[in-house]
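Thanks for coming, everyone. I would like to walk you through how some helices pack against one another, so please have a look at the model first.

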Amino acid sequence: MTERLWPSCAGVVVLAACTSMPGSNSQDLAQEGSVEKSSTAMKAQLRDRVDETLDWNEHLIDALFTAGTSPPPALRVAAIMNVAMFDAANGVYRQFHPIHFDRVAPRGTSRRAAVIGAAYTTLSKLFTTQQSKFDAEEAASLAAMTDDEDDDGSGQSTSLGLAWGTTVANDILAWRATDGFTTVYSPFTGGTVVGQWRPTPPAFAPMALQQFSFMKTFAVASAQQFVAPKPRGLDTAEWVFDYNEVKLIASQTGSPRTADQTAIAWFYAGVGWAHWSEAAHGLAVNNRSSRSEISRIFAQLAVAGADTIITTWAGKRAYAADPTAVTWRPITAIRLGGDGNPKTTADPNWTPLIPTQPHPEYVAAHPSVNGASAAMLQHYFGDDDKNQSFMLTYPIAPSTAFGALPPGSTGFRSLTSIAQAEDEANDARLYGGLHYRSSIRGSDAEGRTIADFVLRNVATRVHDEGGLNVAEQDHNHGDGDCHGDGESATE
């Protein structure tokens with residue numbers, strides 16, 4: 001019997017036995033007892049082992065909440081950090097095609113220290129006001145390393161790892177410094193044609209984070225490659241259903257919505273990466289994933305999420321500029337009516353449960369990322385055919401990116417499958433009065449398509465045929481400044 005060690009969500013180690021049945025001969029039976037003894041000693045020696053990818057993604061979520069970072073910039077930061085960690089670890093021991101940084105680490109480099117160095121460097125430069133916190137977290141990560149795994153006992157391997165991780169992270173940061181995130185565009189306010197998006201109450205602000213509509217993607221060819229198709233028209237039965245469903249279920253008052261549906265709406269209203277990162281964490285622990293597997297899963301998950309949100313924002317901007325595309329928010333459609341259909345009567349006083357964000361309704365952002373994230377995790381962990389239970393939590397002290405939960409709501413959701421988490425997160429946008437049912441469905445499909453592309457083309461195994469070689473690139477990225485980007489461009 002051999003032992004494999006897995007970190008828990010709280011950083012407490014869980015030991016899982018991978019048992020092969022011994023044969024019937026006496027030698028096998030005798031060996032079993034000695035293995036049990038050595039197994040007990042191994043548990044005592046290694047009980048404090050942790051996984052750096054999981055730990056630093058928790059640190060990332062804390063940094064996002066502290067900074068009040070809104071969902072699209074959060075996904076960009078998650079992709080930058082996880083690509084840096086993955087390419088740093090993969091450069092020490094090449095199992096997969098690199099995502100961007102294709103060089104090889106010096107001999108004797110610690111993979112675990114490389115991950116720490118990459119994560120620390122990334123967060124230090126993206127959240128400059130939180131430096132003291134990252135210093136403490138780096139020290140804790142290094143203290144948790146054990147001499148039996150990467151380190152040769154002299155400290156050289158750890159030093160090489162930190163330096164290597166810093167090199168990789170700086171290259172990834174330079175790559176993304178010119179992706180268009182800091183570009184400023186003229187305010188966009190859509191139009192006044194029936195069905196077209198226009199600014200919504202109470203602020204009546206122009207489209208937020210418009211730069212995401214034009215940003216460079218991480219892996220897909222362009223933001224137009226997989227954008228969701230044009231939404232249904234106002235003259236369809238689907239629109240009539242969409243309109244009346246959200247009008248009924250999402251009204252702030254007088255709705256038949258249940259207390260649990262209200263809680264769901266608020267629970268999933270913040271940074272989607274926080275929930276899907278937590279889900280990936282729990283599933284990786286429950287399924288006893290290795291360090292290399294966890295690194296790959298988080299990198300692919302973050303890249304798929306980032307490219308999905310860029311694709312979604314490009315769709316929002318393009319369709320909102322098209323007077324024939326239905327992109328107005330429920331609050332606009334229901335208060336104005338005006339589509340000429342007696343089956344979609346106006347209510348000038350209608351108010352949604354959750355305030356409407358300042359950007360077009362279609363393509364729907366949270367549902368697109370839900371689809372990408374769920375598809376990615378289902379690829380690795382299955383779903384209905386297995387017991388994939390996990391828990392999602394709500395931040396105890398909400399940042400500006402999260403609102404307070406309504407009275408009586410619990411700060412957690414217990415899920416029995418990835419599909420349940422996807423359904424809840426999607427339904428939340430309907431219950432909150434932010435999106436229509438068909439928009440949610442089409443946007444989720446967009447994200448799933450992008451996840452499939454990432455799985456087939458990003459961080460593929462070195463012995464796999466095919467796959468998109470996105471890593472063999474010029475690393476002369478110039479003098480782009482990516483410092484502080486995690487704390488800018490918030491809604």
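Helix 4 and helix 6 are oblique to each other, because angles under 35 degrees count as roughly parallel, over 145 as roughly antiparallel, 65 to 115 as roughly perpendicular and the rest as oblique. This is a predicted model, in which local features need pLDDT of at least 70 and side-chain atom pairs count only at pLDDT 80 or more, while totals for chains, interfaces and linings use all residues. Residues are numbered from 1 along each chain as its sequence is written, and side-chain values use heavy atoms, with hydrogens and water left out.

To return to the pair, helix 4 covers residues 111-126 and helix 6 residues 156-176, and they pack at about 45 degrees with their axes 6 Å apart. Axes here are lines fitted to C-alpha atoms, for helices over the stretch in contact, and angles run from 0 to 180 degrees between N-to-C directions. Helices are DSSP runs of H or I with at least four residues, numbered from the N terminus.

The contact, meaning heavy atoms within 4.5 Å, involves residues including Ala113, Gly117 and Lys125 of helix 4, and Gly161, Trp164 and Leu173 of helix 6. The residues of this contact divide into nine nonpolar, eight polar and one charged.

What angle do the axes of helix 2 and helix 3 make where they cross? Helix 2 (residues 52-67) and helix 3 (residues 71-92) cross at roughly 155 degrees, their axes coming within 11 Å, and the two are therefore roughly antiparallel. Their contact is made by residues among them Trp56 and Leu60 of helix 2, and Val77 and Met81 of helix 3.

Terms used: Nonpolar A, V, L, I, M, F, W, Y, C, P; charged D, E, K, R; others polar.
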